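User: Could you take me through the strand pairing in this model, and then one residue of interest?

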Amino acid sequence: MKLLIGGALTVLVIAGLSAVGLLFFGHTSTGGNSPDPDGAVLELGGESFDLGDVPADETVERVVPFTNPGGKPLSVEVVKVRPAPDAACGCGVEGYEVRPGDVPPGGSGELVFKLRVPSGMADMEDVMIAELRTNDPARLSTKIRLVFRMASEENGG
């Protein structure tokens, strides 16, 4: 009888410790669907980026740098670039790419945007939203804001 009570008490203590681990750490050491702390991590310098002045009728390239401080390779893809709700015209992004598409742990990359604004819109500011897809469990889908202006005529635009 003592053995049966002792065994049941041991099971209750182990179950209680598992519940405490779940309460304080969000998961137990037995696995599950918790994020890998050593996985891929997308680290950007913010959520909004000023890409500067763009001369009229010229295509220029601007970059947004990012890093992967995580422990696994990071995959990044620009899925879509669209005008922001407060955009003046939403017509300045001609193309985009990620260099490189897969960034090793501790490495860095660039979101590359090809910008072109039409003439006759001096000093116009435009705002675009870039939608990103990554394998960072905390940022599978991320949106960033891109701001740029047409260079004024007297500034070489």
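Analyst: The sheet comes first, followed by a single glutamate and its contacts. This is a predicted model, in which local features need pLDDT of at least 70, side-chain atom pairs count only at pLDDT 80 or more, and totals for chains, interfaces and linings use all residues. Residues are numbered from 1 along each chain as its sequence is written, and side-chain values use heavy atoms, leaving out hydrogens and water.

User: What is the strand order in the open sheet?

Analyst: The order is S1-S3-S7-S5, an open sheet of 4 strands with antiparallel pairing. Strands are DSSP runs of E, at least two residues, numbered from the N terminus, and two of them pair if DSSP finds at least two bridges between them.

User: Which strands stand at the edges?

Analyst: Strands S1 (43-44) and S5 (93-99) do; each has a single partner strand, so one side of each lacks a neighbour in the sheet.

User: How many bridges join S5 and S7?

Analyst: S5 pairs with S7 (residues 108-115) over 6 bridges, in the antiparallel sense. Glu97 stands opposite Val112 in S7.

User: And S3 with S7, over how many bridges?

Analyst: Strand S3 (residues 60-67) pairs with S7 over 8 bridges, again antiparallel. Here Thr67 stands opposite Ser108 in S7.

User: Changing topic: is Glu131 buried or exposed?

Analyst: Glu131, found in strand S8 (residues 125-134), has 18% relative accessibility and therefore counts as buried. Buried means under 20% relative accessible area, with a 1.4 Å probe and protein chains only.

User: Which residues does Glu131 touch?

Analyst: Not counting residues up to four places away in sequence, Glu131 touches Glu77, Val78, Val79, Lys80, Arg82, Thr142 and Lys143; contact means heavy atoms within 4.5 Å.

Methods:
Buried < 20%, exposed > 50% of the residue type's maximum accessible area, 1.4 Å probe, protein only.
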